[in-house]
Amino acid sequence: MPSSRTTFTTMLGLALALGLGGCNKKTETRGAAVAQRQPVEVAPLTRQDLAETLNLVGSLAANESATIRPETTGLVREIHFEEGQQVVKGQVLVKIDDSELRAQLTQAEARYRLAELNLQRAERLGETQSTSVADVDRARSEFASAKSELDLIRVRLDRTEIRAPFDGVVGVRTLSPGDYVNSQAVITTIDDLSRMKIDFQVPERFAGKVRPGTTFAVRSQSLPAGTEISGEVYFVASVVDRATRSSEVKGFVNTLAPGLKPGMFTNVELVLEVHHGVLTVPEGSILTTTQGTQIIAVKDQGADKTVEFIPVRTGLRAKGYVEVTPLKGELVESQQIVASGVGALVLYPGTLIEPRPVVTAFQTRTQL
């Protein structure tokens, strides 16, 4: 039978053995935790053109638009156009009765011819001093008066023919032959659709970035889905409207589209500023802390990958990307950065990571 001393020694050895075994297991667990790598989604730095844009609502207008009214009163004798017809500059649209003016023209021509003959006779007599200088001056005055009267009748007669002021399409006519018109009557409208204009309002905070030559894109529900038409600004108002705190801007649409008509509302994407060839990162990779704005770059440590925090200055933001400029260190194109969830991940300089490609959902979101 073993002694009590032997029993105590055996139990002590067993306890020490069990304790040492537990310590070894804890050490192994701690080592595994240290070696564990944090999975992160990464994307490369890209260099691209980035544009600051402003979405607005605009109104389309014809290149030229005029309301046709007569310059004289009288009865409408003839109408020489059809509604919706394409007309050219100078084409007669409406003819107003001119019988009275033609009679006056005949009288004026007769007085003109008589005054011309009297002037010729007076000048011949003046050369031989057979008449006074006053008689010659009187003949010249009567000739000038007769000529002016004849010119006036011809102008009035010409106004009985209402002509198209420019090439365009006529609208609805509001009268018929036999109607009596005056200078306030509206005959029709004419629109030059060879080029379209667009008018929109730019808020005062962006007005300083808009100038003649600024480009924009036009989209409308009347155009096929995904279709947009480019345009260019040609006018920027020199004042800001006090009521709306915005500035009026006008531009030309570069391409004619069958679906666009004057008076339509359209969506306008105005390009305020373009930065060419700048380094960009996805918006989800920007980390803002009390120490400033940073991005988390992937750093090679032999066979391991760790992270490095790089302070940056952000610039333009467009379509899910942000322009970045490093404040310390260096960033190069194609360098891998943590692109998603930077505010939720527990990362610190030197953390071992397991880089993974950005998930498809994130890529789709940033490219919209």
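## Reasoning from values to names

Q: What is the bridge partner of Gln 48 in β13?
A: The bridge partner of Gln 48 in strand β13 is Val 278, as seen in this model, which is predicted.

Q: How do you know that strand β2 and strand β13 are joined, and in which sense do they run?
A: Two strands count as paired when at least two bridges are found between them, and 13 bridges join β2, residues 46-68, to β13, residues 265-282. The cut-off is therefore met, and these two strands run antiparallel.

Q: What makes β2 and β9 a pair?
A: Ten bridges link β2 to strand β9, residues 188-203, again in the antiparallel sense, and because at least two bridges are needed, they pair. Within this pairing, Glu 64 of β2 has Asp 192 of β9 as its bridge partner.

Q: Why does Asn 63 count as buried or exposed?
A: Asn 63, which lies in strand β2, has a relative accessibility of 12%, and because buried means under 20%, Asn 63 is called buried. Leaving aside neighbours within four places in sequence, Asn 63 is in contact with residues including Asp 192, Arg 195 and Phe 252.

Q: Why is the pair of Tyr 112 and Phe 143 called stacked, tilted or edge-to-face?
A: The ring centres of Tyr 112 and Phe 143 are 5.3 Å apart, which is within the 6.5 Å limit for a pair. Their planes stand at 35°, and because stacked needs an angle under 30 degrees and edge-to-face one over 60, the pair is tilted. Tyr 112 lies in helix α2 and Phe 143 in helix α3, so the pair ties together parts that are 31 residues apart in sequence.

Q: What makes the aromatic pair of Tyr 234 and Phe 252 stacked?
A: The angle between the planes of Tyr 234 and Phe 252 is 20°, and because planes under 30 degrees apart count as stacked, this pair receives that name. Its centres are 4.3 Å apart, and the pair links strand β11, which holds Tyr 234, to strand β12, which holds Phe 252.

Q: How do you know whether Tyr 234 is buried, partly exposed or exposed?
A: Tyr 234 has a relative accessible area of 31%, and because partly exposed covers the range between 20% and 50%, Tyr 234 is partly exposed. Phe 252, by contrast, has 18% and is buried.

Q: What lies over the face of Phe 252?
A: Arg 195 lies there, at 3.6 Å from the ring centre, which is within the 6 Å limit used for a charge over a ring.

Conventions:
Residues are numbered from 1 along each chain as its sequence is written. This is a predicted model: local features need pLDDT of at least 70, side-chain atom pairs count only at pLDDT 80 or more; totals for chains, interfaces and linings use all residues. Side-chain values use heavy atoms; hydrogens and water are left out. Helices (H or I, at least four residues) and strands (E, at least two) are DSSP runs, numbered from the N terminus. Buried means under 20% relative accessible area, exposed over 50%, partly exposed in between (1.4 Å probe, protein chains only). Contact means heavy atoms within 4.5 Å. Rings of Phe, Tyr and Trp (its six-membered ring) pair if their centres lie within 6.5 Å; planes under 30 degrees apart count as stacked, over 60 as edge-to-face and the rest as tilted. A charge sits over a ring if NZ of Lys or CZ of Arg is within 6 Å of the ring centre and within 35 degrees of the ring normal.
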